[in-house]
Amino acid sequence: MASKLTTCFVCWNLNQSHPNTVVRFPSSSSHGLLLPASCKMRQRSLSSQHKKQHIKKASHEQPSTDGDPQPDQDRDSEHREASLDSLPIAVNINGAEQAEQLSGGQLVDMLGMIQNTEKNILLLNQARIHALQDLEKILAEKEALQGEINVLETRLAETDARIEVATQEKIHVKRLEEQLEKLRSELAQRGNPEGGDTELHAHLKRFLNDEYPPSHNESIHSLTVELNSLREENASLKSAIESFKAQLNDVNNTSERVVVLEKERSSLESALKDLESKLLESQEDFSELSTLRVECKDLREKVEDLQVMLDNATKQANQDITVLQQNQDLRRKLEKLEASLEEANNYKLSSDKLQKYNEEMQQKIKSLEERLQKSDEEINSYVQKYQDSEKEFQVTLSDLREETKKRALDGPVEDMPWEFWSRLLLMIDGWSLEKKISVDDANLLREKVWKRDRRIRDTYMACKEQSENEAISAFLKLTSSATSQGLRVIHIAAEMAPVAKVGGLGDVVCGLGKALQRKGHLVEIILPKYDCMHYDRICDLRALDVVIESYFDGQLFKNKIWVGTVEGLPVYFIEPHHPHKLFWRGTYYGEHDDFKRFSYFSRAALEFLLRAGKKPDIIHCHDWQTAFVAPLYWEMYVPKGLDSARMCFTCHNFQYQGIAAASELESCGLRAHQLNRPDRMQDNSEHDKVNAVKGAVVFSNIVTTVSPTYAQEVRTAEGGHGLHSTLSSHSKKFIGILNGIDTDAWDPATDPCLEVHYNANDLQGKAENKAALRRKLGLSSTDHRRPLVGCITRLVPQKGVHLIRHAIYRTLGLGGQFVLLGESPVHHIQKEFEGIAENFQNHDQVRLILKYDESLAHAIYAASDMFIIPSIFEPCGLTQMISMRYGAIPIVRKTGGLNDSVFDVDDDTIPPRFQNGFTFLDANEQGFSGALERAFNLYMNNPERWKQLVQKDMNIDFSWDSSAAQYEQLYSSAVARARARNTLN
Ligand code: ADP
């Protein structure tokens, strides 16, 4: 708590320098309280000089309470001004309000504020006392002045009265002087014998004589008396005049004094006015003081409230102090802990990293475990297969041993006479000439005879007693089993690139076929003859002069057979003469009667094989469209003699299974009531329906899908599209083999669709293809380093259309260019993308081309720097391999075949030499954006590493060679098993 308070004051003091935030609170004490300016109660400016002076005076009279030197008056008056203006009530009120809400540490601040408030109130009281003392002094002063004024006024009145008297006397004296003058002049006129008095006396005498004749002596006497009295009177008047003169002098002096007094009076009056104005001000001050008193009262009440709150707070504080003490104990413990924690911190830092690393490692371990589990399962199935093959191998081996023994024993059979061999030769020639066997077969058999082969001897010996026909077929079996080392493989499919391609299936049929052919196997392909095929990609297309009839819907339909070569492979095209023009629809799939169309084709293909006398070792059918071949073969054609083959079925996408009402099976001749069973073709969800893919899984010797991860995914309920239980129960024959690509067709060094050819060692051509595509699509070419993001796909939900849409905007956001080539069989998706394409039709960084365009696809692969495949699920996916071959770095979701072919450059659980792209797991925008951003980051910030990555990806071998080898092995062991079984039988 103490430290908090200190912090609080330290903060205030630090803020002191800021004029707008803090004022120094004036005080005679030396505490120098500092309050935020915002704590002022009211804003009032004592600008009047009088007030300043008055306050100065009061301030001057106020003794210093702490003995500090008296501050100079101006500063003091400013401080006092501030003290009146800066009453910290707001602080206290705010503090009071807050105190109710506060607790703990904040209470500490509150206590500090209360203490400040108390100090401030003390200061206020002192200020108030000073003001009262000032007032009393002013009143006393006023009374004294009033007394002085009264005295002066009395004196003034007296002076006025005396002046009045003096004035009247002066007038009287004047009159007397006039009379006297008159008398003198009269006296002078009457002569003056003896000086004045004598003269006067003579004058008077004459006056009297004249006035009063001697007859009137008595009257003279009286006049003399009168004169004497006048003389006396005159004398007295003289003295009176003298005294009046003196008085006059006095009066003159008095007048001067009056002037002085008047001056004094006027100065007194002005002093009085001053005093009155001071009084007025004092009265104002007094009224202010009254206001202050009221405020003071309020303050007191508030202080009382605060006191109550303070008490409460004190109580609380006491409690808090107790808690604090406990806390301090705890703190001490905590400090100890912190000390050790700090020690541990360094360790923790590294342990955090370790933990993070551990978490990452755990995640990686988890993913590795998952992978391990998957590969365990895979390995188990391999082990199982291996064990099976080993058993078969042992059987075959022992067979072979026996055979070798026999051969060794037989060698060229020495114990038969040449006559025997010659007779055999003749017999064979006879069959040949009679056209009972072909010339080729005759030659093969003759060769065996010529070599004195034990088997031909044994066959002859075995059928010596049998009819000629039985003997011929026994001899022909010798020819079919020994013609060559290679296998005869027939693919029956709905697609084949480049003549009839919708997606990856077409690529696989062509690529795998070519790879098997290169390995020395006889590979033939049977396709429907679509009207919309790319006929220009078929060499030597011609119709055979035969018609094959096949059964459908209770009747036989004629089929025309066309032959030609595609990419060097022999292809048979079946053209049904059916009123519904089954493959004359201008499209490959998506027709309402697809189930009928392809079950028809499956049956017609087998019919053709039978009629053509083909003896394939392997019949390989693909996807639901030709899945019918497997049950048809075993149910109908083996009994008819087409029995040489092992059946292989590859599912390229378990989402599409060919489900229809069981009765629809009948059309192609399969018996619905026999096959609509859980262990045959019955759909696992809808029991009145049959499932073509399930039928193929059940009726095939080999079942494959297009990547190991997808093979695991479809064994689960989430990924199996309802077939997981079927796949699990047939897991011994089920395997995932990663597709390859046709490296001849997809080769930037020879690709006829490209503007400029290039390879991993010379990437200049790639940049030129990028520039060419930009020109072709009307995209901006200003920044050649701006990355081009490509996407070529069927726009179906499986491909993550919402993420593709997101990628358009995210790419723009990251400063890239985006090109999409794709079309959708789903109406609303097609419409939605048409809308987006329209929005961007004039945009210089984005182009959407909503169609199928093979040569544009090649150009986009070549131009792209990055290639996105955000699939929700992906059985294999070819576009990631094609894009890598063309130097476009794939950004893919970790699923299915993408997980088996793209390995993240930032995943250090993967050896660097395998790292080739960017992957993400969560099928959401965030997950995808993360990978896209990482790719942009590497492209923008590390061009050298990006180039190395491009070169590495272009050099990866995605050819069919290794995948074809796996198929070859599967075919061979299936054929070997069959031979072994036949031999045993
Ligand atoms: P899926 O088989 O599921 O369609 P894949 O990745 O296995 O997907 O194969 C897609 C193939 O189809 C690739 O060869 C790709 O180039 C091609 N493709 C897809 N859409 C188009 C299009 N609109 N134009 C040209 N080629 C396309």
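Here a biologist and a modeller talk through a predicted model of a protein chain with a ligand.

Biologist: Let's start with the chain as a whole. What makes up its secondary structure?

Modeller: The chain has 28 helices and 19 strands. Of its 985 residues, 44% count as buried. The accessible surface comes to about 51200 Å², and 52% of that belongs to carbon and sulfur atoms.

Biologist: What share of the contacts with a separation of 6 or more comes from residues 24 or more positions apart?

Modeller: Such residues account for 71% of those contacts.

Biologist: Now the ligand, please. Which residues come nearest to the ligand?

Modeller: There are 20 residues around the ligand, and Gly 504, Arg 794, Lys 799, Lys 851 and Tyr 861 come nearest.

Biologist: How do you know that Gly 504 makes a polar contact with the ligand?

Modeller: A polar contact needs a pair of N or O atoms within 3.5 Å. A backbone N or O atom of Gly 504 lies 2.6 Å from a ligand oxygen atom, so the pair meets that cut-off. Lys 799 uses its side chain, where an N or O atom is 2.8 Å from an oxygen atom of the ligand. Leu 878 offers a backbone N or O atom, 2.9 Å from a ligand oxygen.

Biologist: How much of the ligand's accessible area does the protein cover?

Modeller: On its own the ligand has 560 Å² of accessible area, and the protein covers 94% of that.

Biologist: Which elements give two or more residues to the shell around the ligand?

Modeller: They are α12 (504–518), β14 (788–794), β15 (817–823), α23 (854–863) and α24 (879–885). Strand β14 gives the largest share, three residues. By class, the shell holds eight nonpolar, six polar and six charged residues.

Biologist: Let's turn to charged pairs. Why is the pair of Asp 617 and Arg 488 called a salt bridge?

Modeller: The term asks for a side-chain nitrogen of Lys or Arg within 4 Å of a carboxyl oxygen of Asp or Glu. Here the N to O distance is 3.5 Å, so the pair qualifies. Side chains of opposite charge can pair when their charged atoms come close.

Biologist: What makes this pair a tie between parts of the chain?

Modeller: Asp 617 sits in the loop between α13 (594–612) and β8 (618–622), while Arg 488 belongs to strand β3 (residues 488–492), so the salt bridge ties together parts 129 residues apart in sequence.

Biologist: Why is Asp 617 called buried, and what is Arg 488 called?

Modeller: Buried means under 20% relative accessible area. Asp 617 has 6%, so Asp 617 counts as buried. Arg 488 has 22%, so Arg 488 counts as partly exposed.

Biologist: What about Glu 832 and Arg 805: how do you know that they form a salt bridge?

Modeller: Their side chains meet at 2.3 Å, N to O, which is within the 4 Å limit. Glu 832 lies in helix α22 (residues 827–839) and Arg 805 in helix α21 (residues 801–814), so this bridge ties together parts 27 residues apart in sequence. Glu 832 is partly exposed at 30% relative accessibility, and Arg 805 is partly exposed at 28%.

Biologist: How many salt bridges are there in the whole structure?

Modeller: A search finds 31 salt bridges. One network of them links Lys 514, Arg 518, Arg 537, Glu 567, Asp 742, Asp 744 and Asp 961. Lys 689 also forms a salt bridge with Glu 686, where the closest N and O atoms are 3.2 Å apart.

Biologist: Where is Asp 904, and why is Asp 904 called buried?

Modeller: Asp 904 lies in the loop between α25 (896–901) and β19 (918–920). Its relative accessibility is 5%, so Asp 904 counts as buried. The side chain of Asp 904 makes a polar contact with the side chain of Arg 934, at 2.8 Å. Beyond four places in sequence, its contacts include Ile 910, Phe 918 and Thr 919.

Biologist: One last residue: what makes Arg 603 buried?

Modeller: Arg 603, in helix α13, has 5% relative accessibility, so Arg 603 counts as buried. Leaving aside neighbours within four places in sequence, Arg 603 is in contact with residues including Tyr 551, Leu 632, Met 636 and Cys 668. The C-alpha atoms of Arg 603 and Val 629 are separated by 6.7 Å, with the two residues 26 apart along the chain.

Conventions:
Residues numbered from 1 in each chain as written. Predicted model: local features only at pLDDT ≥ 70, side-chain atom pairs only at ≥ 80, totals over all residues. Heavy atoms only, no water. Near = heavy atom within 4 Å. Polar contact = N/O pair within 3.5 Å; in protein donor to acceptor, adjacent residues only side chain to side chain. Areas by Shrake-Rupley, 256 points an atom, 1.4 Å probe, with all protein chains shown as cover. Helix = DSSP H or I, 4+ residues; strand = E, 2+ residues; numbered from the N terminus. Nonpolar A, V, L, I, M, F, W, Y, C, P; charged D, E, K, R; others polar. Buried < 20%, exposed > 50% of the residue type's maximum accessible area, 1.4 Å probe, protein only. Contact = heavy atoms within 4.5 Å.
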